[in-house]
Amino acid sequence: MKDASPAAAPLEIFLSDYTPPAYLVDTVELVFKLHPTATRVLSKIAFRPNPEATDRTFYLHGEQLKLISATIDGKDANAKITDLGLTAQAPDAPFVFEAEVEISPQTNTALEGLYMSNGMYCTQCEAEGFRKITYYPDRPDVMGVFTVTIEGSEPVKLSNGNDLGGGKWHDPWPKPAYLFALVAGDLVNHPDTFNTMSGKQVELNIWVRKGDLNKCAFGMDALKRSMKWDEEVYGREYDLDLFNIVAVDDFNMGAMENKGLNIFNSSAVLASPETSTDANFERIEAIIAHEYFHNWTGNRITCRDWFQLCLKEGLTVYRDSQFTADERSPAVKRIEDVIALRARQFREDNGPLAHPVRPESFVEINNFYTATVYEKGAEVIGMLKTLIGDEAYYKGCDLYFTRHDGQACTIEDWLACFEEVTGRDLTQFKLWYSQAGTPRVAVKEAWSEGTYTLTFTQDTPPTPGQDVKDPKVIPIAVGLLNDAGEEVHATRICEMTDVVHAFRFTGLDAKPVPSINRGFSAPIILEQDQDNATRAFLLAHDTDPFNKWEAGRALARDVMIRMVTEDATPDQAYLDALLAVARDDTLDPAFKALAFSTPSADDIAQALFDGGVTPDPTKIYNTTQTLRQSVAHAMQDTLPRIYAEMQVDGPFSPDAEAAGKRAWGNVALSLLTRLDGGAQARTQFESADNMTQQLSALGALLRAEVGEEASNAFCEQWKDDRLVIDKWFAMQVSYAKLDAAPATAKALTNHPDFDMTNPNRFRAVFGALAGNTAGFHSPDGSGYALLADWLIKLDAKNPQTAARMSTAFETWKRYDADRQAMMREALERMKAASNLSGDLLEMVTRILNA
Ligand SMILES: [Zn+2]
């Protein structure tokens, strides 16, 4: 595989070393003569010297290519070839480079470049896959106009841009090579049209394999709603006559925004009520929106270099979260986003893999498609909007779109637009892009004669390579309540700029109850001395829905930590507060479901570690079980009524209201299962006409350890549907009994349907293992050993997915000496494996070294 030689030192690349490309590209003509093991790629590229460049070396990237011929202006190029590229003498004037190479899509299991998935040809070029297709300056600041001809017997042949017929495609918009795409296969389409705001009709298609045509309608509807939303909210219109989406089974990521030809992991686009859960529908809608929104934030304006990845990803994640909030419930979306942020990004920011939103260096860019770049990158955009206000935000965006259309940009270009429209200096704000780590913000309160003062102190702990941090600008939204639960001071943004910063609220009749960091206005860890009575009060009365949920979360965390560390019994105040939430008819059912979800085992482990206690995953597992049992008992009179009231009649609809009712009803079912031995869940499992109800019932049975029979029936029923069977694989491991997850995962690798080359299936088993905290951290070390074995095996075929999944080990220093020793052994074993890829080597090295 790539960088296969173990002796070769990994090459670290630095942002500060950026130099402009020596040559620019005007046009690219590509001809593909498709063959599973011997595809010929003919390229004709018009280059011209870049006046901005200081260096005239003609260098093209290229990996795993068999060069047949290369010429410059029709004469042999006398090219020098290495494992990574090609150099030649080039004129200091415009010239045409032509090459013919041979590649083998069939044996390309890394799924980067041109590969095959179930007999279909497809591509994935971001970040550096195009160099596995032909020799090219494979960097995002080189943009060319592509014309592509595909020759082969496949009935459907697609590429970017507009269809010229006969397998020929032309994309009028200059683009970097990472946005190139090609698909060829026996596909059928779900067609539709969209009329843009200027009255242009766009042809839309979702292309799938024949059996999947009944799973396209929701994705198409989501696409049309996304197109409309981007016109209405950001004033952005689509710019080609055609927009194609293709579903592919073997795909490393969720989806890819190639110009005019988005390629999707089939799990991120195919949906039907029978086979997809409400969560699947919501995720599919968000990913379709995300990839579509990239047409402006990513494609029309792209990144100068890969250090600027957050320029397109943070912004586009922010835009898709705005879309979901508008289409569904803003409060529920915000809570879901913060749960995900804490689970993935805070964990990353707290460990050996912490890095800034804009990294300063990397070995393998594939390893920086992280929660920090994406989710924290989106939080930074949200803070910018909070600080400058909505009007200035959209004005700045308009300026960015106008000024930089067709360019490859940097974070500096982006921020300059907002400095210009506001007159504000964003130098301190920019620290959010360059400093890693989650700020801790401690708050103290003071009350004196009508004046209430909150004093905040910020501190960001050291992260790898960054020992000292400067104070950041932090927008902290604060509201004040009186003891009747009425708001006595509406939400105010306290703009913290110093290490210690005090904010005064005057003219108050009595000491208020503060509601701090409303809407999670800043991605910080708030350290607040708050007793459980205050938390219960805020859970009952806070007018900010996020902080209402947050108060319940803090209460649950405190209860669980005391159960773990002091063997306390479940706190009655917590149980009473939950009961009050359940009985409050003014609350959205989706909110109630979120209020009842207990903090994850990983959350509790981190909270214990932060408090100086070594977490014991077994104890956390048992505590969670005990707490859920107590909640079930405390609620036993109420549960049947909630369950009955939340049943949704009529044909299935994945809308937010129906989904919220099902979510809350299934929380009730899960608790009921602990009281009735699974009777109600079995009934629901057998009578369900949609996947949400069926899978929730199965989950409830498995969690209560009475689900074996239902699980077997589920497997039999869905054995021919690969996406549903992914769920079945994951459920076995996620809900395995204490310590049983490694053995369950191991047994599943022997199942005839286990296929390690399919990333969805591999993640179903091993992603679930990594996510089952007690199981992964089984005291005998079997979870660590098993995952290390399989990551070594996978790395030989698919380094990108193997490297990404190695983050399971990033929390290793939290745990006791025995577990640490076993995890270190697993990491060292991976590091020493022969022919390890640069991807996985970089990850295990970073995890070990911190
Ligand atoms: Zn993206």
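UniProt positions are given in the numbering used here, and such annotations may be inferred rather than shown by experiment. With that in mind, the close-ups below all come from a predicted model.

**View 1. The stretch that UniProt labels "Peptidase M1 membrane alanine aminopeptidase".** The unreviewed entry puts this domain at residues 218-429. Helix accounts for 55% of the chain here and strand for 9%. From one end C-alpha to the other it's 40 Å.

**View 2. The zinc ion and its donors.** Zoom in on the metal and you'll find four donor positions: NE2 of His290, NE2 of His294 and two OE contacts from Glu313, at 2.0 to 2.7 Å. Along the chain, the donor residues follow the spacing H-x3-H-x18-E. His294 sits in the loop between α2 (278-293) and β22 (302-303), while Glu313 belongs to helix α3 (residues 309-327), so this pair ties together parts 19 residues apart in sequence. What about the geometry: which angles do the 4 donor atoms subtend around the zinc ion? They run from 53 to 153°, which makes the arrangement irregular; a tetrahedral label would need all angles between 85 and 135 degrees. His294 counts as buried because its relative accessibility is 0%, and Glu313 is buried too, with a relative accessible area of 1%.

**View 3. Where domain 2 meets domain 3.** The protein is split into domain 1 (19-186), domain 2 (304-434), domain 3 (440-528) and domain 4 (726-849). Take the C-alpha centres of domain 2 and domain 3 and they come out 23 Å apart. The contact draws on 21 residues of domain 2 and 20 residues of domain 3. Between them the two domains bury about 1700 Å², with 65% of that on carbon and sulfur atoms. On the domain 2 side, Phe346, Gln428 and Trp432 supply 31% of the area buried against domain 3, more than any other three residues.

**View 4. The "Aminopeptidase N-like N-terminal" span and a strand that follows.** UniProt's unreviewed entry gives this domain residues 54-163. The span is 47% strand and 0% helix, and its end C-alpha atoms lie 39 Å apart. Trp169 is in strand β15 (residues 168-175), and at 2% relative accessibility it counts as buried. Lys157 is 12 residues away from Trp169 in sequence, with 9.4 Å from C-alpha to C-alpha.

**View 5. Backbone oddities worth a look before you set up a run.** The Glu126 to Ala127 peptide bond is cis, with omega near 5°; Ala127 is in the loop between β11 (120-124) and β12 (144-151). Asn78 isn't a glycine, yet its phi is positive, near 50°. That residue is in the loop between β6 (75-76) and β7 (80-81), and Asn78 counts as exposed at 61% relative accessibility. Glu705, also not a glycine, has a positive phi of about 65°. Its loop runs between α18 (691-703) and α19 (708-717), and Glu705 is partly exposed, at 38% relative accessible area.

**View 6. Ser630 in the C-terminal span.** The unreviewed UniProt entry places "Peptidase M1 alanyl aminopeptidase C-terminal" at residues 534-849. The make-up is 71% helix and 0% strand, with the end C-alpha atoms 42 Å apart. Ser630 is part of helix α14 (residues 617-634). Is Ser630 buried or exposed? Its relative accessibility is 18%, so Ser630 counts as buried, the cut-off being under 20%. Setting aside neighbours within four places in sequence, Ser630 touches Pro570 and Leu575.

Conventions: Residues numbered from 1 in each chain as written. Predicted model: local features only at pLDDT ≥ 70, side-chain atom pairs only at ≥ 80, totals over all residues. Heavy atoms only, no water. Donors = N, O, S within 2.8 Å, 3.2 Å for Na, K, Ca; no water. Tetrahedral: all angles 85-135°; square planar, octahedral: opposite > 155°, others 65-115°. Helix = DSSP H or I, 4+ residues; strand = E, 2+ residues; numbered from the N terminus. Buried < 20%, exposed > 50% of the residue type's maximum accessible area, 1.4 Å probe, protein only. Domains from an automatic or database assignment. Contact = heavy atoms within 4.5 Å. Buried area = accessible area lost by both parts, 1.4 Å probe.
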